[in-house]
Amino acid sequence: MKKIIVTVTENGGHFSYDMELPTDIPMRLVQKDIIDNLSLLYPSFPFFRREWALVCERTGVSPDLESTAGESGVWNGDYLVLTEVQRGTDHIY
């Protein structure tokens, strides 16, 4: 399994965390794992009370949830910004 290292942050600056992501697993599963892991590190942040999407800072686009990080153009060293989304759109939770 090939992996890349990205920095996951939130647009309000509440946290910034380097994570190793697999490049051969659909982003829907990867994003769920990201949220689950960050919620353990930052328990006071409202991860489960809002809906979130990751946006690649370099491209300005959310990775396709059905594609892998590699297929979505997420590169080693990218910043993925956790962004709150409106209900009913493609999101993590």
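Hello everyone, let's start with one residue: Glu66 is exposed, at 52% relative accessibility. Before I go on, please keep in mind that this is a predicted model.

So who is the partner of Glu66? Arg28 forms a salt bridge with Glu66, and the closest N and O atoms are 2.7 Å apart. Arg28 sits in helix α1, which covers residues 27-41, while Glu66 belongs to the loop between β3 (52-56) and β4 (79-84), so this pair ties together parts that are 38 residues apart in sequence. As for Arg28, its relative accessibility is 37%, and that counts as partly exposed.

Let's stay in that loop for a moment and look at Ser67. You will find Ser67 in the loop between β3 and β4. Is Ser67 buried or exposed? Ser67 is buried, because its relative accessibility is 14% and the cut-off for buried is under 20%. The side chain of Ser67 also has a polar contact, at 2.8 Å, with the side chain of Asp64. And what else does Ser67 touch, leaving aside residues up to four places away in sequence? The answer is Ile25, Pro26, Met27 and Ser72.

Now back to salt bridges. How many does the structure hold? There are four, and you have already met one of them, Arg28 with Glu66. Let me show you two others.

Here is Arg58, which forms a salt bridge with Asp78; the closest N and O atoms lie 2.8 Å apart. Both Arg58 and Asp78 are in the loop between β3 and β4, yet the pair links distant parts of the chain, 20 residues apart. Have a look at how the two partners sit: Arg58 is partly exposed, with a relative accessible area of 38%, whereas Asp78 is buried, at 5%.

The other pair takes us to the strands. Lys3 forms a salt bridge with Glu20, and here the closest N and O atoms are 3.7 Å apart. Why does this pair tie together parts that are 17 residues apart in sequence? Because Lys3 lies in strand β1, residues 3-10, and Glu20 lies in strand β2, residues 16-22. Lys3 is partly exposed, with a relative accessible area of 42%, and Glu20 is exposed, with 52%.

To recap, if you turn the model on your screen, try finding the exposed Glu66, then the buried Ser67, and then the buried Asp78 with its partner Arg58. Thanks for listening, everyone!

Methods
Residues numbered from 1 in each chain as written. Predicted model: local features only at pLDDT ≥ 70, side-chain atom pairs only at ≥ 80, totals over all residues. Heavy atoms only, no water. Salt bridge = Lys/Arg side-chain N within 4 Å of Asp/Glu carboxyl O. Helix = DSSP H or I, 4+ residues; strand = E, 2+ residues; numbered from the N terminus. Buried < 20%, exposed > 50% of the residue type's maximum accessible area, 1.4 Å probe, protein only. Polar contact = N/O pair within 3.5 Å; in protein donor to acceptor, adjacent residues only side chain to side chain. Contact = heavy atoms within 4.5 Å.
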